[in-house]
Amino acid sequence: MAIYVATNTYLLLGSLNISDHVQSASLTVNYDQLDITAMTNTAHPQLKGLPAHSLQVTLFNDQATSQIRSVLDANKGATMTFSFAANGSTSSATNPIYSGSVFINGYT
């Protein structure tokens with residue numbers, strides 16, 4: 001098993017770059033598996049279903065105006081755009097930038 005330590009994680013939440021507040025981050029890319037087994041099958045064929053990705057981040061909070069707490073408070077229960085990369089904001093073959101929408105379902 002390969003082990004990788006990211007020391008320059010990039011995380012943009014909406015228009016706020018919170019990279020300097022990230023303690024740890026994990027992006028899980030996952031899809032629902034749809035079973036399409038018919039009576040004549042000898043195995044269980046599967047189809048790729050809807051995406052069920054998740055982004056889990058541990059942050060150092062910032063109470064300042066327009067920083068983490070105020071942005072999360074304003075967007076709880078809503079979706080926000082994000083961009084995430086393990087090693088800085090420059091995309092490459094070894095440092096892909098993942099982006100999309102994330103639902104802010106809660107924070108502690």
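Guide: A polar contact is a pair of N or O atoms within 3.5 Å, where, within protein, one must be able to donate a hydrogen and the other to accept it, and residues adjacent in sequence count only if both atoms are side-chain atoms. Please keep in mind that this is a predicted model, in which local features need pLDDT of at least 70 and side-chain atom pairs count only at pLDDT 80 or more, while totals for chains, interfaces and linings use all residues. Residues are numbered from 1 along each chain as its sequence is written, and side-chain values use heavy atoms, with hydrogens and water left out.

Visitor: Before we come to single residues, how many helices and strands does the protein have, and in what order do they run?

Guide: Helices (H or I, at least four residues) and strands (E, at least two) are DSSP runs numbered from the N terminus. Here there are one helix and eight strands, and from the N terminus on they follow the order β-β-β-β-β-β-α-β-β.

Visitor: What does the radius of gyration say about the protein?

Guide: The radius of gyration is taken over C-alpha atoms and set against a globule rule of 2.2 Å times the number of residues to the power 0.38. For a compact globule of 108 residues that rule gives a value near 13 Å, whereas the protein has 18 Å. Along the principal axes, its C-alpha atoms fill a box of roughly 60 × 35 × 20 Å. As an example of two places that lie apart, Thr 40 and Gly 88 are 48 residues apart in sequence, and their C-alpha atoms are 51 Å apart in space. Thr 40 lies in the loop between strand E4 (31-35) and E5.

Visitor: Is Thr 40 buried or exposed, and what share of the protein is buried?

Guide: Buried means under 20% relative accessible area, exposed over 50%, and partly exposed in between, with a 1.4 Å probe and protein chains only. Thr 40 is exposed, at 72% relative accessibility, while 20% of the 108 residues in the protein are buried.

Visitor: Where is Asn 95, and which atoms does its side chain reach?

Guide: Asn 95 sits in the loop between strand E7 (79-85) and strand E8 (98-103), and this residue counts as buried because its relative accessible area is 5%. A polar atom of its side chain lies 3.4 Å from the backbone nitrogen of Ala 86, and the side chain also reaches the backbone oxygen of Gly 88 at 3.2 Å. Contact in the wider sense means heavy atoms within 4.5 Å. Apart from neighbours within four places in sequence, Asn 95 is in contact with Ala 85, Ala 86, Asn 87, Gly 88 and Thr 90.

Visitor: Which residues does Thr 9 touch?

Guide: Thr 9 comes in the segment before E1 and is buried, with a relative accessible area of 18%. Not counting residues up to four places away in sequence, Thr 9 touches Ser 19, Val 22, Phe 84, Ala 85 and Ala 86.

Visitor: What surrounds Val 102 in strand E8?

Guide: Val 102 counts as buried, at 14% relative accessibility. Beyond residues up to four places away in sequence, Val 102 touches Leu 13, Leu 55, Ala 78, Thr 79, Met 80 and Phe 82. Val 102 and Met 80 are 22 residues apart in sequence, yet 5.4 Å apart from C-alpha to C-alpha. In the protein as a whole, of the contacts between residues at least 6 apart in sequence, 52% join residues at least 24 apart.

Visitor: How should I read a pocket, and which residues are closest to the centre of the largest pocket?

Guide: Rolling a probe the size of a water molecule over the atoms shows where empty space is left. On a 1 Å grid over the protein atoms alone, a pocket is an open set of points where a 1.4 Å probe fits, with protein on both sides within 12 Å along at least five of seven lines, and lining residues have an atom within 4 Å of a point. Grid points are joined across faces, edges and corners, and a volume is the space filled by probe spheres set on the points. The largest pocket holds about 770 Å³ of space. Of its 29 lining residues, Leu 55, Gln 56, Val 57, Ile 104 and Gly 106 are the closest to its centre. Strand E1 (10-13), strand E6 (54-59), helix H1 (68-75) and E8 each supply at least two residues of the lining.

Visitor: What is notable about the phi of Ser 66?

Guide: Ser 66 has a positive phi of about 60°, although Ser 66 is not a glycine. This residue lies in the loop between E6 and H1 and is partly exposed, at a relative accessible area of 49%.
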